[in-house]
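Good morning, everyone, and thank you for making the time. Please take a moment to look over the sequence and the structure before I go through them with you.

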Amino acid sequence: ESKPIRVTVTGAAGQIGWVLCFMIAQGRMFGPYQKVILQLMELPAAEQVLQGLVMELKDCAFPLVADIKPTTKIEEAFDQSDVAILVGAKPRGPGMERKDLLNENAKIFKAQGEAIDKYSKKTIKVLVVGNPANTNALIASHYAPSVPKKNFTALTRLDQNRAISQLSDKLKTPVDDIHNIIIWGNHSLTQYPDVNHGQVSVGGKKTSIREAVKDDKYLNETFIPKVAKRGAEIISVMKKSSAASAANAACDHMHDWWVGTKQGEYASMGIISDGNKYGVAAGLIYSFPCECKNGEWKVVEGLAVDEFSKKKLQETEKELLEERKMALDI
Ligand code: NAX
């Protein structure tokens, strides 16, 4: 039997955090044998709701949950953490500029980075969900210099899952027949959902997505904005933002990182760019296709990038450079 790992979830009593805790407790993130100690952090304003969440989690009597530690104190939340899922963030208020949003969040992720540096294990794996996710992850990493930069990642898996679901509808084929759809860049409207390396299995034979869809106009002009704007579409229908699908994607991301990706399958992850992959500037948290093994991710290299894609990769890189400048002045 494995030793329990300490998993920090910030914003645990929020929309995403709430669902996510149950998923983790059920083994969706670390598999069916890994026990967890849940270190759940909230703002004082949400302390009551957090208490309720803990009661409900306890009442599930989940065999994988070794302990639950609710807290509003950052030093307790990040104490000895093996994993941190950073969901809590400042939402965009009415009339708030992008710069204000970045700065408000910079404060939160600076404090959490410092706490990770001071209190968590040096091997901690961090996944940032709270927006702007890529830049928040960069800020946390910047303020946790004793933890390797490769340990900080941002969530773009929801975008990948959305892309797969769109293609599955279009091709009338099950989702698990669709492979290697990539999200490049920022988790924002500039993201590039790329089908050029994607494949669909039909009767045991793999065909390229472009060949199967036979509609480049749809793929270039309809599909890309559909995926990028899916979050807004959900809000317009539900009057609140996506929660369960975001929590599910966080589980997919961390599960692949923790357990490994399936042979030949790519997982899109916001990870630190080393400046040597696909022309992306060094030091940004940028979403690349990754393969994971033994708890480490590796960028899939050598994929052909056509002119259209190159422009898309640069557009989203430019936005991330601007965000970094605004948040960290580098
Ligand atoms: P909610 O407002 O429902 O929940 C956020 C929770 O975080 C609240 O309970 C709040 O008290 C808490 N919180 C805020 N600041 C905190 C801090 N400094 N420490 C601890 N807790 C803190 O938002 P929810 O719908 O759960 O969304 C959370 C974040 O995920 C947002 O930033 C949202 O934009 C982002 N998303 C990111 C996605 C992605 O794919 N990367 C997709 C879904 C989602 O939009």
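Let me begin with a question: is Arg 98 buried, exposed or partly exposed, going by its C-beta neighbours inside 10 Å? Please bear in mind, while you look for the answer, that what we have here is a predicted model. Arg 98 has 14 C-beta neighbours inside 10 Å, and because a residue needs 20 or more to count as buried and 12 or fewer to count as exposed, Arg 98 counts as partly exposed. As for its place in the chain, Arg 98 belongs to helix H4.

Arg 98 is also one of the residues covered by the UniProt annotation "binding site", which comes from an unreviewed entry and which takes in Arg 92, Asn 131 and Arg 162 as well. These annotated residues are spread over 71 residues of sequence, and they are spread in space too, with up to 24.5 Å between C-alpha atoms. Arg 92 sits in the loop that runs between strand E4, residues 83-86, and helix H4, residues 98-119. With 15 C-beta neighbours inside 10 Å, Arg 92 likewise counts as partly exposed.

Let me now step back along the chain to strand E4. Which of its residues are buried on one side, and which on the other? Val 83 and Ile 85 are buried on one side, while Ala 84 and Leu 86 are buried on the other, so that both faces of the strand are covered. This fits a general pattern, in that the side chains of a regular strand alternate between the two faces of the sheet.

Strand E4 has pairing partners as well. With strand E1, residues 5-10, it pairs in the parallel sense over 4 bridges, and there Val 9 stands opposite Ile 85 of E4. With strand E5, residues 125-128, E4 again pairs in the parallel sense over 4 bridges, and in this case Val 83 stands opposite Lys 125 of E5. In passing from E4 through H4 to E5, the chain makes a β-α-β crossover that is right-handed.

Finally, I would like to turn to the ligand. It is surrounded by 28 residues, of which the closest are Gly 11, Gly 14, Gln 15, Ile 16 and Gly 88. By class, this shell has 15 nonpolar, 12 polar and 1 charged residues. Helix H1, residues 15-25, gives the most to the shell, with 3 residues. And where does the ligand lie with respect to the domains? Domain 1 (5-154) and domain 2 (157-328) both give residues to the shell, and therefore the ligand lies between them.

Terms used
Residues are numbered from 1 along each chain as its sequence is written. This is a predicted model: local features need pLDDT of at least 70, side-chain atom pairs count only at pLDDT 80 or more; totals for chains, interfaces and linings use all residues. A residue is near a molecule or strand if its C-beta atom, placed from the backbone, lies within 6 Å of it. Helices (H or I, at least four residues) and strands (E, at least two) are DSSP runs, numbered from the N terminus. Ala, Val, Leu, Ile, Met, Phe, Trp, Tyr, Cys and Pro count as nonpolar, Asp, Glu, Lys and Arg as charged, and the others, Gly among them, as polar. Domain bounds come from an automatic or database domain assignment. UniProt positions are given in the numbering used here, feature names are shortened, and annotations may be inferred rather than shown by experiment. Two strands pair if DSSP finds at least two bridges between them. A crossover is right-handed if, with the strands pointing away from the viewer, the path from the first strand over the helix to the second runs clockwise.
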